[in-house]
Amino acid sequence: MDFDFTDRQVHWRDRVREFIDRKIRPAVATYKQQDASGDRWKVIQVVEDLKAEAKAAGIWNLFMPPRSSAHHHVDETFEFEGPGLTNLEYALCAEEMGRVGFASEVFNCSAPDTGNMEVFHRYGTRAQKDRWLAPLMNGEIRSAFLMTEPAVASSDATNIETRIERDGDDYVINGVKWWSSGAGDPRCKVAIVMGKTDFGAKRHAQQSMLAVPMDAPGINILRHLPVFGYDDAPHGHMEIELKDVRVKAEDAMLLGEGRGFEIAQGRLGPGRIHHCMRTIGVAEEALERMCKRLQSRVAFGKTVAEHSIWEQRIARARIDIEMTRLLCLKAADMMDKVGNKSAAAEIAMIKVQAPNMALQIIDDAIQAIVSRRATSALRVKPSHVRSCRAKSRHERPQPVLDVARTERRRYIDQSRRPDRTRQAPRHRGGCRRQARSARGAHPHRRLRALPFGPALHRRRLSAPPARHPRP
Ligand SMILES: Cc1cc2nc3c(=O)[nH]c(=O)nc-3n(C[C@H](O)[C@H](O)[C@H](O)COP(=O)(O)OP(=O)(O)OC[C@H]3O[C@@H](n4cnc5c(N)ncnc54)[C@H](O)[C@@H]3O)c2cc1C
């Protein structure tokens, strides 16, 4: 195991870091000013200016990993323009981007575009790539991902009710989606929509994904959903009605009918690494600010930082950041080496760990900087705090379930035996009754399945525990 960063990792991380320090941080005040003035749902010019500079400098589209034999691509002819960083190489850049709220957009590396671009790259036809991927790659348009629905528990995506019905050469879409992030941006031109093409198919083969133009008749943005009272403009999270939205089947269908789940699996892995590494950047920013503040104040004869409670909190924060980063990098490395599917448990673990870790550190930092405008003094965007809170509380329970199930499965696989067969004889009273109810079989037949006969079984139950000579 080698914990040293490669030259390439350091090179790209430092380029991103340097650009953020030299160009993006000084523009934060302008960003705030432009964000606060005029319409909420608009293009913020300073971001556009910085994008042009980042693109010219070649620090652009860093998130797309190089082609691997493990990834099947529908179309092999389209060339994605980017340096082709591995997940591990990009992870360090994502951490740097997390330190300033809008930085990832400057490098054309922000969600949900990154995940959507990856979907188009892997599952899009050449025509879909020319139409949607090329302008997304150039930073000319933006996109949304429409999966969650208000009517059903969408953490289980098999519940999704949006209907996609075939009508001649078209699909007709009907449903309501919400929490469609990025749909508030006036540049949002395409949405990847998950719905059901076959309600009668197997549970995970009912869903499909379509690329739907946001200006298609029947797409109605009903409202924006605030996150803890903030609109997150100009990005926004929208509730959207799709009413008889008609798209050409050939233009819209991604990968094929019934393959929506397959796409969702591929889409979520890298995005989680990006999000978690950005979250580590947020935590680093909060810790830095907290330490500087604590060192600048004196209480009861020494700096506040020297009081043991703060020493403990600072130490805990550093330990938690380091542990979370190692876990994230391990997940990224596994994705590069053995693929997203094999890294599923690690990806699930970081998804749980990173926001919770950051929340604790931000909470301590707010405590350290006791001021009315705590989060702005922190230089951590309020949306970061909300995002960590939202991600830790409102996200799918799936990551937790995945971690727990993977852990449990290890022991089930290890024993390789029907556990009820083992459990039944341990209970003296009602052992037969239990055996019968466990399998619905006749007790004698049940006992014959044991590695010893019924007589021996009875003897064992009545015999005192065996004594073993002490060594
Ligand atoms: C800021 C933000 C941005 C978002 N952006 C997008 C986006 O761009 N596109 C998109 O499609 N969605 C988006 N979402 C939606 C998000 O993915 C969903 O909120 C999430 O999948 C949960 O679905 P749900 O809200 O329907 O909750 P439900 O499925 O109704 O779950 C409600 C609660 O029950 C818990 N729960 C569910 N099942 C279990 C279980 N088996 N065991 C224990 N607890 C369980 C959940 O954890 C949750 O706390 C966003 C959400 C937020 C907050």
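Two strands are said to pair here if DSSP finds at least two bridges between them, and I begin with that because it is the sense of pairing used for the hairpin that comes up shortly. The model on the screen is a predicted one, so please hear everything that follows as a description of computed coordinates.

Let me start with the whole chain. The protein chain has 471 residues, of which 39% count as buried, and its secondary structure amounts to 18 helices and ten strands. If we take the contacts between residues at least 6 apart in sequence, 71% of them join residues at least 24 apart.

As for confidence, the chain averages a pLDDT of 85, and 80% of the residues score at least 70. Where does pLDDT stay under 50? One such stretch covers residues 420-454, for which the model nevertheless has 29 contacts beyond four places in sequence, and another covers residues 460-471, for which there are two contacts beyond four places in sequence. Where pLDDT is low, the predicted coordinates should not be read in detail, and I will leave those two stretches at that.

Now to the hairpin. Strand β2, residues 163-167, and strand β3, residues 170-181, pair in the antiparallel sense, and five bridges are found between them. Asp167 stands opposite Asp170 in β3, and the hairpin has two residues between its strands, where Gly168 takes a positive phi near 65 degrees.

That brings me to phi values outside glycine. Most residues other than glycine have a negative phi, and most peptide bonds are trans, so the next four places deserve a look. Asn108 has a positive phi, near 55 degrees, and sits in the loop between α5 and α6. Is Asn108 buried or exposed? Asn108 counts as buried, because 23 C-beta neighbours fall inside 10 Å, and the cut-off for that class is 20 or more. The loop between α5 (103-106) and α6 (113-123) also holds Pro112, which is joined to Ala111 by a cis peptide bond with omega about 0 degrees.

Leu255 likewise has a positive phi, near 70 degrees, and is placed in the loop between β8 (253-254) and α9 (260-296). Leu255 has 19 C-beta neighbours inside 10 Å and therefore counts as partly exposed. There is a further cis peptide bond between Ala233 and Pro234, with omega about 5 degrees, and Pro234 lies in the loop between β6 (219-224) and β7 (237-248).

Next, the helix packing, for which I have two pairs. Helix α2 (residues 28-36) packs against helix α3 (residues 45-56) at an angle of about 140 degrees, with the axes 8 Å apart. Why are α2 and α3 described as oblique to each other? Angles over 145 degrees would count as roughly antiparallel, and the angle of about 140 degrees does not go over that limit, so α2 and α3 are oblique. On the α2 side the contact is made by Thr30, Tyr31 and Gln34, which meet Gln45, Val46 and Val47 in α3; these residues divide into three nonpolar, three polar and no charged.

The other pair is helix α4 (residues 87-97) with helix α10 (residues 308-338), where the packing angle is about 145 degrees and the axes are 8 Å apart. From α4, Asn87, Leu88 and Ala91 meet Cys328, Leu329, Ala332, Asp333, Met335 and Asp336 in α10, which gives a contact of six nonpolar residues, one polar and two charged.

Let me close with two individual residues. Met323 is also in helix α10, and it counts as exposed because it has 12 C-beta neighbours inside 10 Å. Met323 and Met357 are 34 residues apart in sequence, yet their C-alpha atoms are 9.8 Å apart in space.

Arg293, in helix α9, is partly exposed, with 18 other C-beta atoms within 10 Å. Which residues does Arg293 contact, leaving aside its neighbours within four places in sequence? They are Ala368 and Ile369. Arg293 and Val304 are eleven residues apart in sequence, and their C-alpha atoms are 8.7 Å apart.

Notes: Residues numbered from 1 in each chain as written. Predicted model: local features only at pLDDT ≥ 70, side-chain atom pairs only at ≥ 80, totals over all residues. Axes fitted to C-alpha atoms, helices over the stretch in contact; angles between N-to-C directions. Helix = DSSP H or I, 4+ residues; strand = E, 2+ residues; numbered from the N terminus. Contact = placed C-beta atoms within 7 Å. Nonpolar A, V, L, I, M, F, W, Y, C, P; charged D, E, K, R; others polar. pLDDT = per-residue confidence, 0-100. Parallel < 35°, antiparallel > 145°, perpendicular 65-115°, else oblique.
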